[in-house]
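Visitor: I have a protein and its ligand on the screen, and I would like a guided look. Could you walk me through it?

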Amino acid sequence: MYNYGKQFLDEDDYHAVLEVLQSDFLTCGPKVSEFEKKICAYTGAKYCVAVSNATAGLHLAMLALGIGVDDEVITSPITFLSSANCVRFVGANVIFADIEENTANIDINEIKKHITSHTKALIPVHFAGQSCDMEKIYALAQKHNLFVIEDAAHAIGSKYKDSYVGSCQYSDMTVFSFHPVKTITTGEGGAVTTNNEELYQKLLMYRSHGMYKSEQMKNNWEYEMLALGYNYRMTDIQAALGISQLKKLESFKKRRREIVAYYNKTLNLPHLLEKEYSEACFHLYPILLQNRDNFYYKAKEKGLNLQVHYIPVHTQPYYQRLGYKWGDYPKAEAYYQKCISLPLYPTLTDNDLATIIDLVKECL
Ligand SMILES: *Cc1c(COP(=O)(O)O)cnc(C)c1O
(Lines give C-alpha, C1' and ligand atoms only; values in the text may rest on other atoms or scores of the structure.)
Protein backbone atom coordinates (compact mmCIF):
# COMPACT_ATOMS: atom_id res chain seq x y z
CA MET A 1 0.00 0.00 0.00
CA TYR A 2 1.37 3.41 -0.99
CA ASN A 3 -0.04 6.51 0.68
CA TYR A 4 0.15 9.94 -0.93
CA GLY A 5 2.52 10.99 1.87
CA LYS A 6 4.37 9.48 4.80
CA GLN A 7 6.59 10.78 7.59
CA PHE A 8 10.17 9.61 8.03
CA LEU A 9 11.74 9.14 11.46
CA ASP A 10 15.03 7.46 12.27
CA GLU A 11 17.16 6.49 15.30
CA ASP A 12 18.43 10.07 15.71
CA ASP A 13 14.83 11.27 16.05
CA TYR A 14 14.00 8.61 18.66
CA HIS A 15 17.11 9.47 20.68
CA ALA A 16 16.39 13.20 20.54
CA VAL A 17 12.92 12.63 22.01
CA LEU A 18 14.13 10.14 24.61
CA GLU A 19 16.75 12.61 25.81
CA VAL A 20 14.04 15.19 26.56
CA LEU A 21 11.88 12.61 28.33
CA GLN A 22 14.81 11.98 30.69
CA SER A 23 15.53 15.70 31.25
CA ASP A 24 14.03 18.30 33.59
CA PHE A 25 11.91 20.06 30.98
CA LEU A 26 9.10 18.45 29.06
CA THR A 27 7.79 21.79 27.83
CA CYS A 28 8.99 25.37 27.53
CA GLY A 29 12.58 24.46 28.20
CA PRO A 30 15.77 24.81 26.19
CA LYS A 31 14.64 22.72 23.19
CA VAL A 32 11.90 25.10 22.07
CA SER A 33 14.29 28.06 21.93
CA GLU A 34 16.94 25.94 20.23
CA PHE A 35 14.41 24.85 17.59
CA GLU A 36 13.34 28.46 17.07
CA LYS A 37 16.97 29.53 16.59
CA LYS A 38 17.54 26.70 14.11
CA ILE A 39 14.50 27.74 12.07
CA CYS A 40 15.82 31.31 12.02
CA ALA A 41 19.23 30.10 10.88
CA TYR A 42 17.68 27.91 8.17
CA THR A 43 15.19 30.42 6.78
CA GLY A 44 17.12 33.62 7.41
CA ALA A 45 14.32 35.18 9.48
CA LYS A 46 15.22 37.27 12.55
CA TYR A 47 12.59 35.83 14.89
CA CYS A 48 10.71 32.56 15.24
CA VAL A 49 7.91 31.48 17.56
CA ALA A 50 7.26 27.73 17.75
CA VAL A 51 3.59 26.87 18.28
CA SER A 52 1.32 23.90 18.91
CA ASN A 53 0.23 23.69 15.24
CA ALA A 54 0.06 25.87 12.13
CA THR A 55 -3.62 26.67 12.68
CA ALA A 56 -2.65 28.21 16.03
CA GLY A 57 0.20 30.02 14.27
CA LEU A 58 -2.18 31.53 11.72
CA HIS A 59 -4.53 32.57 14.53
CA LEU A 60 -1.61 34.22 16.38
CA ALA A 61 -0.67 36.07 13.19
CA MET A 62 -4.18 37.52 12.97
CA LEU A 63 -4.09 38.52 16.66
CA ALA A 64 -0.62 40.07 16.39
CA LEU A 65 -1.79 42.21 13.46
CA GLY A 66 -4.91 43.28 15.35
CA ILE A 67 -7.24 42.02 12.62
CA GLY A 68 -10.88 41.94 13.70
CA VAL A 69 -14.54 42.57 12.95
CA ASP A 70 -15.23 44.46 9.68
CA ASP A 71 -11.77 43.67 8.34
CA GLU A 72 -11.31 41.57 5.23
CA VAL A 73 -8.50 39.10 4.54
CA ILE A 74 -7.90 37.53 1.13
CA THR A 75 -6.76 33.93 0.67
CA SER A 76 -6.91 31.07 -1.81
CA PRO A 77 -9.84 28.62 -2.04
CA ILE A 78 -7.42 25.78 -2.88
CA THR A 79 -5.98 25.22 0.55
CA PHE A 80 -6.62 23.50 3.84
CA LEU A 81 -9.42 25.00 5.96
CA SER A 82 -7.07 26.78 8.41
CA SER A 83 -5.89 29.42 5.93
CA ALA A 84 -9.45 30.78 5.92
CA ASN A 85 -10.63 29.77 9.38
CA CYS A 86 -7.95 31.83 11.15
CA VAL A 87 -9.62 34.94 9.73
CA ARG A 88 -12.96 33.85 11.18
CA PHE A 89 -11.36 33.16 14.60
CA VAL A 90 -10.91 36.93 15.00
CA GLY A 91 -14.34 37.79 13.57
CA ALA A 92 -13.06 39.15 10.25
CA ASN A 93 -14.37 38.29 6.77
CA VAL A 94 -12.66 35.79 4.49
CA ILE A 95 -12.50 36.85 0.87
CA PHE A 96 -11.29 34.24 -1.58
CA ALA A 97 -9.41 35.01 -4.78
CA ASP A 98 -9.28 32.44 -7.59
CA ILE A 99 -6.14 30.51 -8.54
CA GLU A 100 -3.68 30.42 -11.44
CA GLU A 101 -4.25 27.29 -13.48
CA ASN A 102 -0.67 26.16 -13.88
CA THR A 103 0.46 26.43 -10.23
CA ALA A 104 -2.86 26.29 -8.32
CA ASN A 105 -1.50 29.25 -6.33
CA ILE A 106 -3.58 32.36 -5.72
CA ASP A 107 -3.70 34.62 -8.82
CA ILE A 108 -2.43 38.16 -8.23
CA ASN A 109 -4.85 39.57 -10.78
CA GLU A 110 -7.72 37.93 -8.90
CA ILE A 111 -6.47 39.41 -5.61
CA LYS A 112 -6.59 42.86 -7.21
CA LYS A 113 -10.28 42.43 -8.06
CA HIS A 114 -11.16 41.78 -4.42
CA ILE A 115 -9.25 44.55 -2.62
CA THR A 116 -11.61 47.02 -0.90
CA SER A 117 -11.24 49.72 1.75
CA HIS A 118 -11.85 46.94 4.35
CA THR A 119 -9.01 44.70 3.16
CA LYS A 120 -6.31 44.38 5.83
CA ALA A 121 -4.20 41.39 4.86
CA LEU A 122 -3.36 38.74 2.29
CA ILE A 123 -2.68 35.08 3.09
CA PRO A 124 -1.00 33.55 0.05
CA VAL A 125 -0.63 29.76 0.35
CA HIS A 126 2.44 28.11 -1.17
CA PHE A 127 0.48 25.24 -2.67
CA ALA A 128 2.22 21.85 -2.94
CA GLY A 129 5.41 23.55 -1.75
CA GLN A 130 5.84 26.00 -4.61
CA SER A 131 6.17 29.61 -3.43
CA CYS A 132 3.76 32.20 -4.76
CA ASP A 133 5.35 35.12 -6.63
CA MET A 134 6.01 36.97 -3.38
CA GLU A 135 7.80 40.01 -4.74
CA LYS A 136 4.72 40.88 -6.79
CA ILE A 137 2.29 40.06 -4.00
CA TYR A 138 4.28 42.20 -1.57
CA ALA A 139 4.41 45.14 -3.99
CA LEU A 140 0.63 44.95 -4.39
CA ALA A 141 0.19 44.74 -0.62
CA GLN A 142 2.40 47.78 -0.05
CA LYS A 143 0.47 49.78 -2.60
CA HIS A 144 -2.76 49.13 -0.67
CA ASN A 145 -1.25 49.12 2.82
CA LEU A 146 -1.96 45.44 3.48
CA PHE A 147 -0.18 42.92 5.67
CA VAL A 148 1.09 39.69 4.13
CA ILE A 149 1.11 36.35 5.98
CA GLU A 150 2.55 33.42 4.06
CA ASP A 151 0.83 30.11 4.71
CA ALA A 152 3.89 27.94 4.20
CA ALA A 153 2.45 24.77 5.74
CA HIS A 154 3.57 22.96 2.56
CA ALA A 155 6.75 24.87 1.95
CA ILE A 156 9.48 24.46 4.55
CA GLY A 157 12.71 23.93 2.58
CA SER A 158 11.40 25.72 -0.50
CA LYS A 159 13.10 28.73 -2.02
CA TYR A 160 11.68 31.80 -3.69
CA LYS A 161 14.32 33.52 -5.86
CA ASP A 162 17.45 33.64 -3.66
CA SER A 163 15.86 33.19 -0.25
CA TYR A 164 14.20 30.43 1.69
CA VAL A 165 10.47 30.56 2.31
CA GLY A 166 10.17 31.88 5.87
CA SER A 167 12.81 34.58 5.42
CA CYS A 168 9.89 37.05 5.31
CA GLN A 169 11.74 39.13 2.74
CA TYR A 170 8.37 39.81 1.10
CA SER A 171 5.95 39.36 3.98
CA ASP A 172 5.23 40.25 7.60
CA MET A 173 5.05 36.68 8.85
CA THR A 174 5.36 33.12 7.59
CA VAL A 175 3.60 30.12 9.15
CA PHE A 176 4.89 26.52 8.92
CA SER A 177 3.22 23.23 9.87
CA PHE A 178 4.96 20.15 11.26
CA HIS A 179 1.97 17.80 11.12
CA PRO A 180 3.12 14.30 10.08
CA VAL A 181 1.77 14.69 6.54
CA LYS A 182 4.00 17.74 6.00
CA THR A 183 7.69 17.73 5.01
CA ILE A 184 9.18 17.56 8.52
CA THR A 185 7.23 16.64 11.63
CA THR A 186 7.00 17.27 15.36
CA GLY A 187 3.83 15.14 15.72
CA GLU A 188 1.71 18.25 15.89
CA GLY A 189 3.43 21.59 15.65
CA GLY A 190 4.11 24.76 13.76
CA ALA A 191 6.20 27.91 13.71
CA VAL A 192 5.78 31.56 12.82
CA THR A 193 8.74 33.57 11.52
CA THR A 194 9.02 37.34 11.24
CA ASN A 195 11.61 40.11 10.98
CA ASN A 196 9.49 42.55 12.97
CA GLU A 197 10.37 42.76 16.67
CA GLU A 198 6.99 44.20 17.67
CA LEU A 199 5.09 41.39 15.94
CA TYR A 200 7.47 38.90 17.55
CA GLN A 201 6.66 40.20 21.05
CA LYS A 202 2.93 40.02 20.32
CA LEU A 203 3.20 36.47 19.00
CA LEU A 204 4.99 35.46 22.22
CA MET A 205 2.39 37.14 24.36
CA TYR A 206 -0.63 35.65 22.58
CA ARG A 207 1.01 32.21 22.52
CA SER A 208 0.97 32.16 26.31
CA HIS A 209 -2.32 33.53 27.70
CA GLY A 210 -1.57 37.18 26.86
CA MET A 211 0.94 37.18 29.69
CA TYR A 212 3.82 39.60 29.95
CA LYS A 213 6.83 39.33 32.26
CA SER A 214 9.73 41.75 32.44
CA GLU A 215 13.05 42.12 34.24
CA GLN A 216 11.78 45.44 35.57
CA MET A 217 9.08 43.80 37.66
CA LYS A 218 9.84 43.97 41.37
CA ASN A 219 9.19 40.31 42.19
CA ASN A 220 10.06 37.15 40.31
CA TRP A 221 6.54 35.82 40.53
CA GLU A 222 4.95 38.88 38.91
CA TYR A 223 3.31 38.88 35.53
CA GLU A 224 0.64 40.93 33.84
CA MET A 225 -2.06 39.74 31.48
CA LEU A 226 -2.23 42.43 28.82
CA ALA A 227 -4.59 40.74 26.36
CA LEU A 228 -6.74 37.66 25.99
CA GLY A 229 -4.27 35.06 24.84
CA TYR A 230 -4.18 31.28 24.41
CA ASN A 231 -2.02 28.31 25.24
CA TYR A 232 -0.47 27.64 21.84
CA ARG A 233 2.94 26.54 23.10
CA MET A 234 5.04 23.75 21.62
CA THR A 235 6.54 21.20 24.01
CA ASP A 236 10.26 20.44 24.38
CA ILE A 237 9.47 16.88 23.32
CA GLN A 238 8.14 18.17 19.99
CA ALA A 239 10.93 20.73 19.58
CA ALA A 240 13.63 18.07 20.06
CA LEU A 241 12.03 16.05 17.28
CA GLY A 242 11.86 19.19 15.14
CA ILE A 243 15.58 19.93 15.62
CA SER A 244 16.42 16.40 14.59
CA GLN A 245 14.05 16.45 11.59
CA LEU A 246 15.37 19.82 10.40
CA LYS A 247 18.83 18.23 9.93
CA LYS A 248 17.33 15.94 7.32
CA LEU A 249 15.36 18.60 5.46
CA GLU A 250 17.89 19.21 2.67
CA SER A 251 18.13 15.49 1.91
CA PHE A 252 14.31 15.21 1.97
CA LYS A 253 14.17 18.09 -0.48
CA LYS A 254 16.67 16.52 -2.85
CA ARG A 255 14.72 13.25 -3.00
CA ARG A 256 11.34 14.99 -3.28
CA ARG A 257 12.61 17.00 -6.25
CA GLU A 258 14.05 13.86 -7.87
CA ILE A 259 10.70 12.07 -7.55
CA VAL A 260 8.80 15.02 -9.04
CA ALA A 261 11.23 15.22 -11.98
CA TYR A 262 10.85 11.47 -12.52
CA TYR A 263 7.03 11.61 -12.48
CA ASN A 264 7.03 14.61 -14.83
CA LYS A 265 9.24 12.80 -17.32
CA THR A 266 7.84 9.29 -17.06
CA LEU A 267 4.10 9.87 -16.64
CA ASN A 268 3.67 12.81 -18.94
CA LEU A 269 0.26 13.63 -17.40
CA PRO A 270 -1.03 17.17 -16.77
CA HIS A 271 0.65 18.44 -13.59
CA LEU A 272 1.61 21.70 -11.93
CA LEU A 273 4.45 23.68 -13.49
CA GLU A 274 7.40 24.99 -11.54
CA LYS A 275 8.05 28.68 -12.18
CA GLU A 276 11.51 30.11 -12.80
CA TYR A 277 11.44 31.93 -9.43
CA SER A 278 10.78 28.72 -7.49
CA GLU A 279 12.96 25.96 -6.08
CA ALA A 280 10.29 23.99 -4.31
CA CYS A 281 10.69 21.37 -1.65
CA PHE A 282 7.60 19.72 -3.11
CA HIS A 283 5.02 18.59 -0.57
CA LEU A 284 2.48 17.18 -3.03
CA TYR A 285 2.44 15.83 -6.57
CA PRO A 286 -1.04 16.45 -7.95
CA ILE A 287 -1.94 15.26 -11.44
CA LEU A 288 -5.06 16.42 -13.28
CA LEU A 289 -7.43 13.84 -14.74
CA GLN A 290 -10.81 14.11 -16.45
CA ASN A 291 -11.91 10.81 -14.88
CA ARG A 292 -10.47 11.54 -11.45
CA ASP A 293 -13.17 9.82 -9.35
CA ASN A 294 -12.91 6.61 -11.32
CA PHE A 295 -9.12 6.72 -11.12
CA TYR A 296 -9.22 7.25 -7.36
CA TYR A 297 -11.25 4.08 -6.72
CA LYS A 298 -9.31 1.94 -9.19
CA ALA A 299 -6.04 3.09 -7.63
CA LYS A 300 -7.31 2.32 -4.15
CA GLU A 301 -8.11 -1.27 -5.20
CA LYS A 302 -4.56 -1.67 -6.47
CA GLY A 303 -2.97 -0.36 -3.28
CA LEU A 304 -2.51 3.33 -4.05
CA ASN A 305 -4.12 5.33 -1.28
CA LEU A 306 -4.29 8.76 -2.92
CA GLN A 307 -5.85 12.04 -1.82
CA VAL A 308 -7.59 15.08 -3.27
CA HIS A 309 -6.03 18.44 -2.35
CA TYR A 310 -8.33 20.30 -1.85
CA ILE A 311 -12.11 20.66 -1.83
CA PRO A 312 -12.37 24.44 -2.44
CA VAL A 313 -12.86 26.01 0.98
CA HIS A 314 -15.63 28.37 -0.18
CA THR A 315 -17.85 25.36 -1.02
CA GLN A 316 -17.81 23.99 2.55
CA PRO A 317 -21.22 24.18 4.25
CA TYR A 318 -19.90 26.67 6.82
CA TYR A 319 -18.70 29.05 4.11
CA GLN A 320 -21.88 28.51 2.08
CA ARG A 321 -23.81 29.70 5.12
CA LEU A 322 -21.70 32.86 4.94
CA GLY A 323 -22.87 33.41 1.36
CA TYR A 324 -20.37 31.58 -0.85
CA LYS A 325 -21.58 29.12 -3.46
CA TRP A 326 -20.42 26.74 -6.17
CA GLY A 327 -19.59 28.78 -9.24
CA ASP A 328 -17.94 31.66 -7.34
CA TYR A 329 -14.37 30.55 -8.16
CA PRO A 330 -14.47 28.62 -11.45
CA LYS A 331 -10.74 27.90 -11.78
CA ALA A 332 -10.47 26.54 -8.24
CA GLU A 333 -13.55 24.40 -8.82
CA ALA A 334 -12.30 23.08 -12.17
CA TYR A 335 -8.96 22.26 -10.55
CA TYR A 336 -10.69 20.41 -7.72
CA GLN A 337 -12.72 18.26 -10.14
CA LYS A 338 -9.51 16.91 -11.71
CA CYS A 339 -6.78 16.90 -9.07
CA ILE A 340 -5.37 13.87 -7.31
CA SER A 341 -2.07 13.62 -5.43
CA LEU A 342 0.29 10.74 -6.16
CA PRO A 343 2.66 9.30 -3.53
CA LEU A 344 5.45 11.73 -2.69
CA TYR A 345 7.80 11.12 0.22
CA PRO A 346 11.56 10.77 0.49
CA THR A 347 11.72 7.05 1.34
CA LEU A 348 10.18 6.01 -1.98
CA THR A 349 12.85 3.99 -3.81
CA ASP A 350 13.33 3.82 -7.57
CA ASN A 351 11.67 0.40 -7.44
CA ASP A 352 8.68 1.87 -5.61
CA LEU A 353 8.41 4.56 -8.27
CA ALA A 354 8.48 2.01 -11.09
CA THR A 355 5.68 0.06 -9.35
CA ILE A 356 3.63 3.20 -8.74
CA ILE A 357 3.98 4.30 -12.36
CA ASP A 358 2.80 0.91 -13.63
CA LEU A 359 -0.20 1.03 -11.28
CA VAL A 360 -1.08 4.60 -12.28
CA LYS A 361 -0.98 3.65 -15.99
CA GLU A 362 -3.25 0.66 -15.33
CA CYS A 363 -5.81 2.93 -13.68
CA LEU A 364 -5.95 5.69 -16.32
C1 LIG B 1 -1.79 21.46 7.13
C2 LIG B 1 -2.12 22.84 6.75
C3 LIG B 1 -2.46 23.82 7.69
C4 LIG B 1 -2.70 23.49 9.14
O5 LIG B 1 -1.62 22.91 9.76
P6 LIG B 1 -1.78 22.28 11.23
O7 LIG B 1 -0.36 22.25 11.73
O8 LIG B 1 -2.35 20.91 11.05
O9 LIG B 1 -2.65 23.17 12.03
C10 LIG B 1 -2.64 25.12 7.26
N11 LIG B 1 -2.53 25.45 5.98
C12 LIG B 1 -2.23 24.53 5.02
C13 LIG B 1 -2.10 24.97 3.61
C14 LIG B 1 -2.03 23.20 5.38
O15 LIG B 1 -1.77 22.28 4.44
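**A walk through the model**

Guide: Let us begin at a loop: Y310 sits in the stretch between β15 (304-305) and α11 (317-321). Please keep in mind that this is a predicted model.

Visitor: Which peptide bond is cis, with omega near 0°?

Guide: Most peptide bonds are trans. The cis bond here, with omega near 0°, leads into Y310, the loop residue between β15 and α11. Its two residues are H309 and Y310.

Visitor: How far does a polar side-chain atom of Y310 lie from an oxygen atom of the ligand?

Guide: Y310 belongs to the loop between β15 and α11, and its side chain has a polar atom facing a ligand oxygen at a distance that fits the 3.5 Å cut-off for a polar contact. That distance is 3.1 Å.

Visitor: And how far is a polar side-chain atom of S177 from an oxygen atom of the ligand?

Guide: S177 is listed with T55, D151, H154 and K182 as the residues that come nearest, out of 15 around the ligand. A polar side-chain atom of N53 lies 3.5 Å from a ligand oxygen. For S177, the distance from a polar side-chain atom to a ligand oxygen is 2.8 Å.

Visitor: How much of the ligand's accessible area does the protein cover?

Guide: On its own, the ligand has 380 Å² of accessible area. The part of this that the protein covers is 93%.

Visitor: Which elements give two or more residues to the shell around the ligand?

Guide: The shell has 5 nonpolar, 8 polar and 2 charged residues. Two or more of the shell residues come from each of two helices, α3 (54-64) and α4 (82-89).

Visitor: What is the volume of the largest cavity?

Guide: The structure holds 2 cavities of 30 Å³ or more. Residues lining the largest one include S131, M134, E150 and Y160, and by class its lining has 6 nonpolar, 5 polar and 1 charged residues. The space in this cavity is about 70 Å³.

Visitor: And what is the volume of the second largest cavity?

Guide: Among the residues that line the second largest cavity are E100, T103, C132 and Y277. Its lining comprises 5 nonpolar, 2 polar and 2 charged residues. The space inside is about 40 Å³.

Visitor: Which are the edge strands of the open sheet?

Guide: Strands of a sheet pair through backbone hydrogen bonds, either parallel or antiparallel. Here 3 strands run in the order β8-β7-β13, with antiparallel pairing. An edge strand pairs on one side only, and that description fits β8 (163-164) and β13 (278-279).

Visitor: What is the bridge partner of Y160 in β8?

Guide: Strand β7 (residues 159-160) is joined to β8 by 2 bridges, and the two strands run antiparallel. Y160 and its partner both appear in the lining of the largest cavity. That partner is S163.

Visitor: Which residue other than glycine has a positive phi near 55°?

Guide: Most residues other than glycine have a negative phi. The residue with the positive value lies in the loop between α1 (11-21) and α2 (30-43). With phi near 55°, it is C28.

Terms used. Residues are numbered from 1 along each chain as its sequence is written. This is a predicted model: local features need pLDDT of at least 70, side-chain atom pairs count only at pLDDT 80 or more; totals for chains, interfaces and linings use all residues. Side-chain values use heavy atoms; hydrogens and water are left out. A residue is near a molecule or strand if one of its heavy atoms lies within 4 Å of it. A polar contact is a pair of N or O atoms within 3.5 Å; within protein, one must be able to donate a hydrogen and the other to accept it, and residues adjacent in sequence count only if both atoms are side-chain atoms. Accessible areas come from the Shrake-Rupley method with a 1.4 Å probe; for residues, only the protein chains shown count as cover. Helices (H or I, at least four residues) and strands (E, at least two) are DSSP runs, numbered from the N terminus. Ala, Val, Leu, Ile, Met, Phe, Trp, Tyr, Cys and Pro count as nonpolar, Asp, Glu, Lys and Arg as charged, and the others, Gly among them, as polar. On a 1 Å grid over the protein atoms alone, a cavity is a set of points where a 1.4 Å probe fits but cannot get out, and a pocket is an open set with protein on both sides within 12 Å along at least five of seven lines; lining residues have an atom within 4 Å of a point. Grid points are joined across faces, edges and corners, and a volume is the space filled by probe spheres set on the points. Two strands pair if DSSP finds at least two bridges between them.
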